[in-house]
Structure formats: structure tokens, C-alpha cells
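I opened this one to get a feel for the fold before going back to the bench. My notes are below, in the order I looked things up.

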Amino acid sequence: MATQRITLSDRPDHRIELTRREFLKGAGVLTGTIAASSMLSTLAPSLAWALETKTLTSAQGDTLLQMGRTLYPHKTLPDAVYALLVKDLDAAAGKDAKTAQMLSDGVASLDKAAGGSFVAANDAARLTAVKSLEGTPFFGTVRGQCITSLYDNEMAFAHFGYPGPSWDKGGYVMRGFGDLKWLPNPPASASPAPYKA
């Protein structure tokens, strides 16, 4: 019997060929694309992305991705960054059966609170469903992981315009200290003159 090959990405220079067995090996797969106009497209090796989950199903992963979007909404932040939340939660579920069960039960509770499908619900219904679980261990786990997964990575840094840590580049005094572009310029009397070595 011949092995069927699946090709991910339609760009010849970014093709990834997998056998069907390799593609279906995990518990689930989340896929998406990054807009060519996005700053993240310069960081990613391909505009198409995929995340294989080992413990969570595709449906659970998609629900957790959308929960992250509901908790920390950024309209222009691509799903590829929110998928990092799913990756980290999947890793935690793979290490601990209680965590896996809590996430599974929490996803089921979100679906029930949203009237059937959290992913298919509108934004208001999603927010109501998430608020109904506030204070539960599931809510606390996902919310806590969002902070690290969504904001402590190179893609988020590029999206939000954060230049990254500066300690290895000599600090912020001469590199980004005065880059507050979203605030009006303060009067000269508000700040001391820059230090000159």
C-alpha cells in the first residue's frame, strides 16, 4: 500500500511533507495563517502555522485559544500567538492527569455556558461564559498561563513594539528610554538631561 503524503503550505519554499500517520499522530492539530501584512510574518518561517497537541483534542485546543482571546482581546494579534497558550496548556496536561481532566471539564463547562459551542458563540456570549467560570481552578489556570504564553515571546514583542530585553545591549538609557510614541512629549523641565559618558 502506498503511503499518502500531505503537504502543508502552498508556498514551494515552505512546504512540509508529512505522512498521514505523522499528521494524525497527536491528539489534535490547530492550524492557521499569518497575514502577509503582519509584523509577525517577518519572524515566521511560513505564513501558515500548525500546532500539534498531544493531550488536548483539536476542539479543546480551539476552545482554549478562543478563551485566551476573550480574556486578553487584541484584535490584531494573530491566532498564532494565542496558539502558544494552547501549546503550554497541552504540555501541562501531558504531565499531569488531574490538569488534563480539569482542562477537559473546563472546556465542557465553557461549551455548556455558551449554549452549545463556545467557539461558535458570539463575543458577548463568550464573555458571559468565561465570567461564569471566574474563580474556578480552570479559570485561574488558563488566565495565569495567558500572561506568560501571550506576552513573553518574540512574536508578541514584535506585535506590541517592545524591543526586548536590553541588559545584554547596554541598558535602555541609550536604547529606547525615550521611545514613548503614544504619549505627548513632556516639557524639557520634566526630565534631566541625558547622561553623557
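These entries go from the whole chain down to single residues.

**Entry 1: the overall layout.** First reminder to self: this is a predicted model. I listed the secondary structure and got seven helices and four strands in the protein chain. Read from the N terminus, the order is β-β-α-β-β-α-α-α-α-α-α.

**Entry 2: burial and surface.** I looked up how much of the chain is tucked away: of its 197 residues, 31% are buried. The exposed surface of the protein chain comes to about 12700 Å², and carbon and sulfur atoms account for 58% of that. I also checked contacts between residues at least 6 apart in sequence; 55% of them join residues at least 24 apart.

**Entry 3: the salt bridge.** How many salt bridges does the count give? I got one. Arg 69 pairs with Asp 79, and their closest N and O atoms sit 2.8 Å apart. Arg 69 belongs to helix α2 (residues 58–71) and Asp 79 to helix α3 (residues 79–95), so the bridge ties together parts ten residues apart in sequence. Are the two partners buried or exposed? Arg 69 has a relative accessible area of 18%, so I put it down as buried. Asp 79, at 30% relative accessibility, goes down as partly exposed.

**Entry 4: helix α3.** Since Asp 79 is in α3, I stayed with that helix. It has 17 residues and spans 25 Å from its first C-alpha to its last, close to the 24 Å expected at 1.5 Å a residue. I then pulled up its buried residues: Ala 80, Val 81, Tyr 82, Ala 83, Leu 85, Val 86, Leu 89, Asp 90 and Ala 93. For reading that list, I kept in mind that an α-helix has 3.6 residues a turn, so residues three or four places apart point the same way.

**Entry 5: α4 against α6.** Next I looked at how helix α4 (residues 97–113) meets helix α6 (residues 137–151): their axes are 9 Å apart and the packing angle is about 100 degrees. That makes α4 and α6 roughly perpendicular to each other. On the α4 side, the contact is made by Met 102, Leu 103, Gly 106, Val 107 and Leu 110. On the α6 side, I noted Pro 137, Phe 138, Thr 141 and Val 142.

**Entry 6: Leu 127.** Last stop was Leu 127, which I found in helix α5 (residues 123–132). Its relative accessibility is 40%, so Leu 127 counts as partly exposed. Its C-alpha is 8.6 Å from that of Met 67, although the two are 60 residues apart along the chain.

Terms used:
Residues are numbered from 1 along each chain as its sequence is written. This is a predicted model: local features need pLDDT of at least 70, side-chain atom pairs count only at pLDDT 80 or more; totals for chains, interfaces and linings use all residues. Side-chain values use heavy atoms; hydrogens and water are left out. A salt bridge is a side-chain nitrogen of Lys or Arg within 4 Å of a carboxyl oxygen of Asp or Glu. Helices (H or I, at least four residues) and strands (E, at least two) are DSSP runs, numbered from the N terminus. Buried means under 20% relative accessible area, exposed over 50%, partly exposed in between (1.4 Å probe, protein chains only). Contact means heavy atoms within 4.5 Å. Accessible areas come from the Shrake-Rupley method with a 1.4 Å probe; for residues, only the protein chains shown count as cover. The expected span of a helix is 1.5 Å times one less than its number of residues. Axes are lines fitted to C-alpha atoms, for helices over the stretch in contact, and angles run from 0 to 180 degrees between N-to-C directions. Angles under 35 degrees count as roughly parallel, over 145 as roughly antiparallel, 65 to 115 as roughly perpendicular and the rest as oblique.
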